[in-house]
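Biologist: I am new to this structure and would like to understand the reasoning behind the terms used for it. May I put some questions to you?

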Amino acid sequence: MNFQLPRQFTLPMILTPYDGLGDLKQHIKKFRSIMIVNGASDPILCRYFPSFLDGPVLDWFCSLPADSISRFQELAKQFEDHFVALAIYLHDSDYLTTIKQGPQESLKDYITRFTKVTMRIPDLHPEVHFHAIKSGLRPGKFQETIAVAKPKTLAEFHEKAKGQIDVEELRQARKAERSVNSKDDDKPRDSKKAFKPVSRYESYTQFNIKRDDIIKEILNSKLIKPPRKASNYPESKGIDKSKYCTFHQKHGHTTDDCVIAKDLLERLARQGHLDKFIAGHMQKKVTSTSDPSAAGPSSKEKDKTPAQPRGIINCISGGYAGGGHTSLARKRTYRAMLKATDAFKGPQPVQDFPEMTFRSTDFSHTDTNYDDPVIIFVQLGDLVVHKVLLDLGSSANVLFFTMFKKLKLSSNILQPYHGDLVGFSGERVPVLGSVWLQTTLGEQPLFKTQDIQYLVVDCFSPYNLILGRPFLNRFAAIVSTVHLCVKFPVRDNLVATIHGDLHEARQWYNTSLKPIKKNNTA
């Protein structure tokens, strides 16, 4: 093809050469529009098109016979026909569900990256866009804010996100400012005040072996995980290497002097996990009103098919309410109760709660109450769970394995529990393990959130959860089966009231009375 290049024509260099990856039609459109703006004619388009090709695509162009192309439209068609099967296109709306916010990625960067993908998806429905961008949020405060605020449109979501982005940028600016100030500080690092943790308990259990040996054993058994920076702490000058902490795996202090390790072992001892290290020593009376708890670590989920249901749990006995899941722990707790009763016969101080009374106005149903169970709903994490039975006769909080799977929790987070739950007629149901979950009772603005320990069992039940005395005591909740409601104190001495669902109560109670169908095997 013979032609004369215009004198004032300049070849644009802003277009990335095409190598077979991406949208080839989009590449042709960009090339044509950029060249025409610069005054290129059809022969110039044909002559300079290979300047924006690379790799195997350029090899293909060079293999074309001489004088086989007369117009650029003909060249573009051959180009599309040849590479249409090899081109990798951007994804459709289903791909959006795979976009997740990274652990260290800011909200602004995540939304920008997400938006770039959505701009290249034709006819994307706003609701699909809205659901996908919410699902990709990293677990944290902003995800919890969205779960509580419940924005209904993409515009409302972006309004909430704008506020969070402003907060993150402000924090980043302050962090950069502190970094600059720290460089100008001539004082050595060791001269700064070190953080000193404060003990959470007033008395500690006496063990029959050294704390170092206990830490080593429970780390090997994976009952606990070491700190994130374990064995990677930078050692400052002049550190005392004669002292070593087995828990933090660093020099400078001993395990017996480590407040964090002591508090961790005390919490595990009071939960009954360290009974074999106590050797008959009774746990001392504790005046602390709260016991710190840690949720189980997250991990990749394992596929597990539940076995055939083994029975129905009615009145539940077992769990941690009796002092532990072992006979030794229960006996020790019982002896401590008797000793405390003999020692303190006078009036004891009681935690101050607002007055909670039930009146005729608390009846929310016109139907007669035929001794119906109290069925409510709670929130586990960011999911609302219905069909929750309040059972004053249960000494454990029970989470059924079918519900455990619906929550998309990994079986790896289950903490070991060696024991069974005992039903009304003496039947025993094995416990798969225990798990701590953040549980919210009530709704905005009257609600309360606590970390609750559940025993996970795999058996038939018409309910998703059974909340027993440990749950009710933790929330200081009072249940009235006459009024079919529960009351509990919240902030500022206010009292929240939750009414049971009468329709659900009768429906699922009737389901629980039906016999379980068993598979007969020949």
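Biologist: Which backbone oxygen does the side chain of Q101 reach, and at what distance?

Modeller: The model is a predicted one. In it, the side chain of Q101 reaches the backbone oxygen of E105 at 2.9 Å. A polar contact requires a pair of N or O atoms within 3.5 Å, and the value of 2.9 Å satisfies that limit.

Biologist: Why is Q101 called buried?

Modeller: The relative accessibility of Q101 is 10%. Buried means under 20%, so Q101 counts as buried. Q101 lies in the loop between α4 and α5. Setting aside neighbours within four places in sequence, Q101 is in contact with several residues, among them S106, Y110, R113 and R138.

Biologist: Where is T118 found, and why does T118 count as buried?

Modeller: T118 belongs to helix α5, which covers residues 107-118. The relative accessibility of T118 is 8%; the cut-off for buried is under 20%, and T118 therefore counts as buried. The side chain of T118 reaches the backbone oxygen of T115 at 2.7 Å. Apart from neighbours within four places in sequence, T118 is in contact with L96, L124 and H129. Y95 lies 23 residues from T118 along the chain, and their C-alpha atoms are separated by 9.8 Å.

Biologist: What makes α5 and α6 meet, residue by residue?

Modeller: Y110, I111, F114 and T118 of α5 meet H129, A132 and I133 of α6. Helix α6 comprises residues 126-135. The axes of α5 and α6 come within 11 Å and cross at roughly 145°, and α5 passes α6 in a right-handed crossing.

Biologist: Why is α1 described as roughly antiparallel to α4?

Modeller: Helix α1 (residues 24-37) and helix α4 (residues 72-83) pack at an angle of about 160°, with axes 10 Å apart. Angles over 145 degrees count as roughly antiparallel, and so α1 is roughly antiparallel to α4. On the α1 side the contact is made by L24, K25, I28, F31 and R32, and on the α4 side by F72, A76, F79, E80 and F83. The crossing of α1 past α4 is right-handed.

Biologist: How do you know that strand β11 is largely enclosed by the rest of the structure?

Modeller: Strand β11 spans residues 485-489, and 5 of its 5 residues are buried, so β11 is largely enclosed by the rest of the structure. In a regular strand the side chains alternate between the two faces of the sheet. In β11, C485, K487 and P489 point one way and V486 and F488 the other way, and all are buried.

Biologist: How do you know that β11 pairs with β10 and is joined to β12?

Modeller: Two strands pair if at least two bridges are found between them. Strand β10 (residues 478-480) and β11 have 3 bridges, in the antiparallel sense, and I478 has K487 of β11 as its bridge partner. Strand β12 (residues 495-499) is joined to β11 by 5 bridges, and these two strands run antiparallel. Here the bridge partner of F488 is A496 in β12.

Biologist: How many residues lie between the strands of each hairpin, and which turn residues have a positive phi?

Modeller: In the hairpin of β10 and β11 there are 4 residues between the strands, and L484 in the turn has a positive phi of about 50°. In the hairpin of β11 and β12 there are 5 residues between the strands, and D492 in the turn has a positive phi of about 60°.

Definitions and conventions: Residues numbered from 1 in each chain as written. Predicted model: local features only at pLDDT ≥ 70, side-chain atom pairs only at ≥ 80, totals over all residues. Heavy atoms only, no water. Buried < 20%, exposed > 50% of the residue type's maximum accessible area, 1.4 Å probe, protein only. Contact = heavy atoms within 4.5 Å. Polar contact = N/O pair within 3.5 Å; in protein donor to acceptor, adjacent residues only side chain to side chain. Axes fitted to C-alpha atoms, helices over the stretch in contact; angles between N-to-C directions. Parallel < 35°, antiparallel > 145°, perpendicular 65-115°, else oblique. Left-handed = near helix turned anticlockwise from the far one by under 90°.
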